Amino acid sequence: MVQQAMKNVLEPIFEDIFLPQSHGYRPNMDAHGAVRKAEAYLESGYHWIVDADIQGFFDHVDHTLLKDLVCEKISDGRVLSLIESFLKCGIMNEGILEANTADDILIFCNEWEAQNALNRAKEILEGELKLTLSPEKTRIVHGRKKGVEFLGFHFNGRWRRPREKAVKQFKEEIKHRTQMTAA
């Protein structure tokens, strides 16, 4: 409840500085909207995708840097102290505490822009934010030929389907729930 109250107060202060392409934890911008926007980029001819994963984002994000950025708009020490405690906690999902993992980035571009986009993303993340892109999970792909997995879906612009891991989790959840009701 405290986090929701804080969100209600802070969201109007910070919402206007976020880019419209950013969907994470924003009002009226859910995962399905992000997937629809990704499909729209593919439909518009942006077939080359920088599919990037920030290595251990929540383990390595610089809390001091985040607090300094927040301090540009908020000066109340009590609020800043609460925000600091929120940065260190996980996510409660159906009563189970989980670690934070929302750390994927897709950059849609033309073929000749892809390498420059990846280089610029590395420059910003490593230079300014002190984060690292995972070399194993970061790549440039052709979205219509190979497709990309994003937010639980595999899609290539022509079609979209749940990715295999999401299907497996769904089946396991159905099996678990039906065994509970049959007992």
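The following exchange takes up how several features of this predicted model are assigned.

Reader: Why is Lys 130 called exposed?

Author: The relative accessibility of Lys 130 is 56%, and exposed means over 50%, so Lys 130 counts as exposed. Lys 130 is placed in the loop between α6 (111–128) and β5 (139–142).

Reader: What makes the phi of Lys 130 worth a remark?

Author: Most residues other than glycine have a negative phi. Lys 130 is not a glycine, and yet its phi is positive, at about 60°.

Reader: How do you know that β1 and β4 pair, and in which sense do they run?

Author: Two strands pair if at least two bridges are found between them, and 6 bridges join β1 (residues 48–53) to β4, so the criterion is met; the two strands run antiparallel. Within this pairing, Trp 48 stands opposite Cys 109 in β4, while Ala 52 stands opposite Ile 105 in β4.

Reader: What makes β1 and β5 a pair as well?

Author: β1 and β5 are joined over 4 bridges, against a requirement of at least two, and therefore they count as paired, in the antiparallel sense. One of the facing positions is that of Ile 49, whose bridge partner in β5 is Val 141.

Reader: Why are β4 and β5 called edge strands?

Author: The open sheet is formed by 3 strands in the order β4-β1-β5, with antiparallel pairing. β4 (104–109) and β5 each pair on one side only, and it is in this sense that they are the edge strands. From one strand to the next, the twist averages 25°.

Reader: Which helix lies across these strands, and at what angle to β4?

Author: The helix is α6, which lies across β1, β4 and β5 and runs at about 145° to β4.

Reader: Why is β1 described as largely enclosed?

Author: Buried means under 20% relative accessible area. Of the 6 residues of β1, 5 are buried, and therefore the strand is largely enclosed by the rest of the structure.

Reader: Why is Cys 109 called buried, and why is Cys 71 called partly exposed?

Author: Cys 109 has a relative accessible area of 3%, which is under 20%, so Cys 109 is buried. Cys 71, at 38% relative accessibility, falls between the 20% and 50% limits and therefore counts as partly exposed.

Reader: How many disulfides does the structure hold, and what would make a pair of cysteines count as one?

Author: A pair of cysteine sulfur atoms would have to lie within 2.5 Å, and by this criterion the structure holds 0 disulfides.

How values were computed
Residues numbered from 1 in each chain as written. Predicted model: local features only at pLDDT ≥ 70, side-chain atom pairs only at ≥ 80, totals over all residues. Heavy atoms only, no water. Buried < 20%, exposed > 50% of the residue type's maximum accessible area, 1.4 Å probe, protein only. Axes fitted to C-alpha atoms, helices over the stretch in contact; angles between N-to-C directions. Contact = heavy atoms within 4.5 Å.
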